[in-house]
Amino acid sequence: MNTKFEYSTVTDSEEVQKFGKILKQCFLGDDDDEEAWAKRMGVENIRLIRQEKEIVGGLVVIPMGQWWGGESVAMTGIAGVGIAPESRGSGAALSLMQQTIKELYANDVPISVLYPATQRLYRKVGYEQGGSLCSWEISAQSIQFKEQPLSVKSVPLDSEIFYELYSKQGKNINGYLNRNQTIWNRIIKPSQKEVFYGYILGSLKQPEGYIIFSQRSIEGDNVLIVVDWVTLTNAATTTFWSFLSNHRSQIDKIRWRSSAIDNLTLILPEQTAKIRSNKRWMLRIINVEKALSTRGYASTPEAELHLQIKDDLIAENNGKFILSVAKGSGNIARGGKGELKLDIKGLASLYGGLFSPQQLQLAGKLDGTENSLAKATQIFSGASPWMMDFF
């Protein structure tokens, strides 16, 4: 079998159609829908893999950002990874991902994130579990909130206020997307099949949050689905729940996305909210020096961590590094003692903070001295990372 692959961008509309047909088989979609999705994501963002000049697969890169330690780090999302059935098992997917990562490194991208259909492929190229997206559900009757400290006002979905409030919340949540316009358009410009409703929590001059939702019948239940939300104050969180509770005469269940440890549920009178699903997204450190120097850190006392990193794909990421952290910022330099030894996958999980250094050591993801583990815990401490968006 000829296993030589060619990696490229799209050259014409016919290639977009071919990619759309591959996606249809991979994701059980419709030709037109998959092709339209690829075009919405940007034809310039499609990457194709060929074998003997025939297109056998592709993916979409999504340039955006991700909040870490209060700083937005440039990040490229990976979506729509699809390989034609007759070429699966040939190494096409592995080649596609390897060459995409090399391109991202050449373009100075610090990190990359994706939602895996299978972890094995992505672990082979250096991705590891980085954070979560949880779907929650609660019975509308069980919310039992009557107090509503803030007013609730309907506003058009294209209002700039959504962007401003989202950024205020996002910078305080590790893993949150700094959305590009393509991601935003899925929320503020729903398809003709959907109707979204947007409301500001508080006054238009001093808003304290928002909620965007849809309503539909699912398996005999009337379900309110929160598409996007922000609560910046306790008053906004209380208003969020009282507003949703006021739908109980017509709505049976309410669903929303949040973290595995959801602060919204902390003020509920009983533990009636349940997690419906928990997806783990995966993170890849593309450029070690840029990833560690551009993120923010907790404002802890000055600390210095000596790392020894192995990356089988990006040679420049290999070696010993010293990470110095002070006043919420990090500086990275080559050299040092290499006291904390880990490969690029272990670094991804450490960077995100989904697991503690001690947990990563128990899982065989890193190895280090007692002092280096303590320093890593100090530097990468924080709330469990999560994001609202699936892509």
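**Close-up views of a predicted model**

**View 1. E128, a buried residue with a relative accessible area of 2%, in a salt bridge.** Buried here stands for under 20% relative accessible area, exposed for over 50%, and partly exposed for the range in between, with a 1.4 Å probe and protein chains only as cover. The side chain of E128 meets that of R123 in a salt bridge, with 3.0 Å from N to O; the term requires a side-chain nitrogen of Lys or Arg within 4 Å of a carboxyl oxygen of Asp or Glu. R123, in contrast to its buried partner, is partly exposed, because its relative accessible area is 28%. By this rule, the count for the model comes to 16 salt bridges.

The model is predicted, so local features need pLDDT of at least 70 and side-chain atom pairs count only at pLDDT 80 or more, whereas totals for chains, interfaces and linings use all residues. Residues are numbered from 1 along each chain as its sequence is written, and side-chain values use heavy atoms, with hydrogens and water left out.

**View 2. The salt bridge between E137 and K253.** The closest N and O atoms of E137 and K253 are 3.8 Å apart. This pair links distant parts of the chain, with E137 in strand β6 (residues 128-139) and K253 in strand β12 (residues 253-258), 116 residues apart; helices (H or I, at least four residues) and strands (E, at least two) are DSSP runs, numbered from the N terminus. E137 counts as buried because its relative accessibility is 16%, while K253, at a relative accessible area of 26%, is partly exposed.

**View 3. The salt bridge between R179 and D389, and a salt-bridge network.** In the R179 and D389 pair, the closest N and O atoms lie 3.0 Å apart. Distant parts of the chain are again linked, since R179 is in the loop between β8 and α6 and D389 is in the segment after α11 (370-379), 210 residues apart. R179 and D389 are both buried. Through salt bridges that share partners, E137, D221, K253, R255 and R276 are joined into one network.

**View 4. Helix α5 (residues 161-170), a mostly covered helix.** Seven of the 10 residues of α5 are buried, namely I161, F162, Y163, L165, Y166, Q169 and G170. These buried residues pack against β3 (54-68), β8 (177-178), α6, β9 (197-202), β10 (207-218) and β11 (221-231).

**View 5. T237 and T239 in helix α7.** Helix α7 spans residues 234-245 and includes T239, which is buried with a relative accessible area of 0%. Apart from neighbours within four places in sequence, T239 is in contact (heavy atoms within 4.5 Å) with Q148, P149, L150, V152 and L201. T237, at 9% relative accessibility, also counts as buried, and, with the same sequence neighbours set aside, has contacts with T231, L264 and I267. From T239 to W386 the separation is 147 residues in sequence and 23 Å in space, C-alpha to C-alpha.

**View 6. A patch of positive charge on the surface, formed by R40, R186, R257 and K279.** Patches are made of residues with over 30% relative accessible area and no salt bridge, like charges being joined within 9 Å and nonpolar side chains (Val, Leu, Ile, Met, Phe, Trp, Tyr) within 5 Å. Accessible areas come from the Shrake-Rupley method with a 1.4 Å probe, and for residues only the protein chains shown count as cover. Lys and Arg count as positive and Asp and Glu as negative, without His and the chain ends, and each charge is placed at NZ of Lys, CZ of Arg, CG of Asp or CD of Glu. R186, which belongs to helix α6 (residues 181-188), counts as partly exposed at 34% relative accessibility.
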